[in-house]
Amino acid sequence: MRVTQLLFLGLIGTALPVQFVNADADGEREMLARIVHEIEAIHPLIRQAASQANPDVRIRFQYDWLRQDLDQIQRGIQEHIDAPRAEPRTFPPLHGDYRR
């Protein structure tokens, strides 16, 4: 009986960190997806600011460069989100018996 309990605790101890790592990875992916969404929301603001810029000023803000940098950041984040996971996701066990 004692060996079974120790074995059970050992299995639980090794399974829980894997589940927390997957939960953290899922949370990270969700946050990164939100960042991509926010970058998309910035683009109309950039267009509006560029349309209101004074073309006669000596030093101009480079809106094209800003757009290019944001697009590059967005692509990098999206590539990370779309990359295959290093380990398969774990799911809770099925009940299997559906009759009572």
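Select leucine 66 to begin: at 30% relative accessibility, this residue counts as partly exposed. Leucine 66 belongs to helix α2. The model on display is predicted. Beyond its neighbours within four places in sequence, leucine 66 is in contact with Ile46 and Phe61. Next, add histidine 43 to the selection and draw the C-alpha to C-alpha distance to leucine 66: the two residues are 23 positions apart in sequence and 9.7 Å apart in space.

**The whole chain**

Zoom out to the cartoon. The secondary structure consists of two helices and zero strands. Of the 100 residues in the protein, 12% are buried. Turn on the surface: the accessible area comes to about 9100 Å², and carbon and sulfur atoms hold 60% of that area. A contact map would repay attention here, for among contacts with a separation of 6 or more, 81% join residues 24 or more positions apart.

**Helix α2**

Select residues 63–82, which form helix α2. Its end C-alpha atoms lie 28 Å apart, in agreement with the 28 Å that its 20 residues should span at 1.5 Å a residue. Now colour the buried residues of this helix, which are Tyr63, Leu70, Gln74, Ile77 and Ile81. Looking down the axis of α2, one finds these residues within an arc of 65°, so they line one face of the helix. Rotate to the face turned away from that buried side, where the exposed residues Trp65, Gln72 and Glu79 are carried.

**Glutamine 74**

Which residues does glutamine 74 contact, leaving aside its neighbours within four places in sequence? They are Val36, Ile39, Glu40 and His43. Glutamine 74 is found in helix α2, and its relative accessible area is 13%, under the 20% limit, so the residue is classed as buried.

**The nonpolar core**

Show the side chains of Leu32, Val36, Ile39, Ile46, Tyr63, Leu70, Ile77 and Ile81; these eight residues make up the largest nonpolar core. Helix α1, residues 2–51, and helix α2 each supply at least two residues of this core. In soluble globular proteins, nonpolar side chains tend to be buried together. Within the core, centre the view on isoleucine 46. Apart from neighbours within four places in sequence, isoleucine 46 contacts Tyr63, Leu66, Arg67 and Leu70.

**The salt bridge**

From isoleucine 46, move to one of its contacts, arginine 67. The side chains of arginine 67 and aspartate 64 meet in a salt bridge, with a distance of 2.7 Å from N to O. How many salt bridges does a search of the whole structure find? The search finds one. Side chains of opposite charge can pair when their charged atoms come close. Arginine 67 and aspartate 64 are three residues apart in helix α2, and therefore about one helical turn separates them. Are the two partners buried, exposed or partly exposed? Arginine 67 is partly exposed, with a relative accessible area of 23%, and aspartate 64 is also partly exposed, at 48%.

**Alanine 25**

For the last stop, select alanine 25, which has its place in helix α1. At 25% relative accessibility, alanine 25 counts as partly exposed. Add arginine 85 and draw the C-alpha to C-alpha distance: alanine 25 and arginine 85 are 60 residues apart in sequence and 9.1 Å apart in space.

Technical notes
Residues numbered from 1 in each chain as written. Predicted model: local features only at pLDDT ≥ 70, side-chain atom pairs only at ≥ 80, totals over all residues. Heavy atoms only, no water. Salt bridge = Lys/Arg side-chain N within 4 Å of Asp/Glu carboxyl O. Helix = DSSP H or I, 4+ residues; strand = E, 2+ residues; numbered from the N terminus. Buried < 20%, exposed > 50% of the residue type's maximum accessible area, 1.4 Å probe, protein only. Expected span 1.5 Å × (residues − 1). Arc of directions from axis to C-beta. Core = buried A, V, L, I, M, F, W, Y, C linked by side-chain atoms within 4.5 Å. Contact = heavy atoms within 4.5 Å. Areas by Shrake-Rupley, 256 points an atom, 1.4 Å probe, with all protein chains shown as cover.
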